[in-house]
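The exercises below are meant to be worked through with the sequence and the model side by side. Try each task before reading the solution that follows.

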Amino acid sequence: MIFEFAPSEKFNFLSAFARRIGTPLLENVLILPPALGEGSIRPIRLTPDFSLLIHQYTLTEELILRRTATGNTADQVNVLFQFNVGIEKPPGFEGTARTERRTEYIVHITSPDISSELRFLSGIPIFLTVLSMSRPALADLLKIKQMNRVVEQVLFGNEGFLFYETLSVDAQHRLRTLAAENTQRELSELHIWIQVQELICWLFERLLARDIVKHRPVHRADAGQLSRVRAAVVADLSVPPQLPELASRAGMSVSKLTDLYKQVFGDSIYDYFQKARMDEAGHLLKQAGYSVSEVGYQLGFNNLSHFSRLFEKYHGLKPKRFATNHSNAQSQVVKN
């Protein structure tokens with residue numbers, strides 16, 4: 001199923017989507033019909049300038065939400081907190097993933113004039129929270145006195161912007177707590193607003209830490225290509241990315257792709273690949289029960305000493321100690 005929409009200042013996604021699937025809203029909450037899946041989409045109005053839309057469901061068929069921007073119709077900032085289970089092969093990019101990826105936790109920060117496409121697979125739990133904020137109200141909330149080019153573009157820039165971040169473990173927990181909040185209990189709105197402000201604070205601390213000297217405008221076509229490039233970079237973590245091939249498939253020069261990628265994702269393509277690789281190594285050692293050598297070879301390292309040095313640089317521990325510490329911690333939990 002494909003749902004295409006072009007939002008305006010008066011556009012209501014929830015009402016429009018409910019009409020598209022022929023389901024009435026129940027107390028302003030959309031409950032998915034059994035033919036489409038199980039779960040809900042619910043809005044939470046925090047203040048006149050801050051609102052949430054929480055998607056939690058499992059689908060019986062693939063759903064594509066295709067947002068076509070028609071112009072910067074509102075002085076807004078949209079933040080999408082998305083949990084992705086597994087890595088899907090990106091359209092237009094070849095290669096087969098050799099690792100079974102864990103859940104990814106991604107944040108999109110975007111202006112309303114950037115088109116986007118979200119693809120949700122059937123049979124997989126979907127968790128997506130969309131935070132919409134008024135730019136002036138956000139700037140007033142943050143009160144940042146010394147901002148870098150990234151934050152300046154988000155709060156006051158005249159060009160379209162798109163940035164990605166990866167949710168920290170603490171931010172993941174906070175987001176799950178927020179989504180599970182019982183909105184019928186006393187002080188629930190205050191609890192939710194506090195959680196949202198802490199997420200906003202975490203996010204802008206990360207954006208302030210970025211070191212970007214120049215800012216390239218992100219055109220609508222660029223946004224889709226960059227998303228596909230990112231998917232291709234992490235699709236097979238045993239093979240380092242090849243810049244000329246990625247640039248050719250994205251229809252960009254190598255210099256434009258490398259500049260835009262670092263601007264949007266906060267790291268160079270290779271550094272982003274290496275971080276994803278080390279995150280996956282930690283996951284395989286902790287959750288999947290692989291040995292150090294199995295993990296190293298599965299992620300494309302022929303030299304296990306090199307793998308060990310990179311792992312220690314990223315995680316602060318050698319892989320064997322990392323796995324042992326996790327195993328001991330799990331044993332302690334079981335005993336208690």
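**Exercise 1: the two sides of a helix**

The face of H4 turned away from its buried side carries the exposed residues Val169, Asp170 and His173. This is a predicted model, in which local features need pLDDT of at least 70 and side-chain atom pairs count only at pLDDT 80 or more, while totals for chains, interfaces and linings use all residues. Residues are numbered from 1 along each chain as its sequence is written, and side-chain values use heavy atoms, with hydrogens and water left out.

Task: state which residues of helix H4 (residues 169-179) are buried.

Solution. Begin with the terms: buried means under 20% relative accessible area, exposed over 50%, and partly exposed in between, with a 1.4 Å probe and protein chains only. Helices (H or I, at least four residues) and strands (E, at least two) are DSSP runs, numbered from the N terminus. By these terms, the buried residues of H4 are Ala171, Gln172, Leu175, Leu178 and Ala179. They lie on the same side of H4 because they cover an arc of only 125° around the axis, the arc being that of the directions from the helix axis to the C-beta atoms. As a general rule, an α-helix has 3.6 residues a turn, so residues three or four places apart point the same way.

**Exercise 2: two partners of H2**

Task: describe how H2 packs against H3 and how H2 packs against H5.

Solution. Take H3 as the starting partner: helix H2 (residues 135-142) and helix H3 (residues 149-156) pack at an angle of about 135°, with their axes 8 Å apart. Axes are lines fitted to C-alpha atoms, for helices over the stretch in contact, and angles run from 0 to 180 degrees between N-to-C directions. Angles under 35 degrees count as roughly parallel, over 145 as roughly antiparallel, 65 to 115 as roughly perpendicular and the rest as oblique; H2 and H3 are therefore oblique to each other. Their contact (heavy atoms within 4.5 Å) is made by Arg135, Leu138, Ala139 and Leu142 of H2 together with Gln153, Val154, Leu155 and Phe156 of H3.

Turning to H5, the angle with H2 is about 80° and the axes are 11 Å apart, so H2 and H5 are roughly perpendicular to each other. Here Leu138, Leu141 and Leu142 of H2 meet Gln197, Ile200 and Phe204 of H5.

**Exercise 3: the core**

Task: find which residues of the largest nonpolar core touch the most other members.

Solution. A nonpolar core is a set of buried Ala, Val, Leu, Ile, Met, Phe, Trp, Tyr and Cys residues joined through side-chain atoms within 4.5 Å. The largest one has 39 residues, of which Leu46, Val79, Ile109, Leu131, Leu167, Val196 and Phe204 touch the most other members. Its largest share, nine residues, comes from H5. A second, separate core of 34 residues includes Leu237, Ala247, Tyr261 and Ile269.

**Exercise 4: a loop and a strand**

Task: decide whether Ala209 is buried or exposed, and then name the contacts of Ile2.

Solution. Ala209 is found in the loop between helix H5 (188-208) and helix H6 (220-235), and at 63% relative accessibility Ala209 counts as exposed. Ile2, by comparison, is found in strand E1 (residues 2-5) and is partly exposed, with a relative accessible area of 38%. Leaving aside neighbours within four places in sequence, Ile2 is in contact with Arg20, Ile64 and Arg66.
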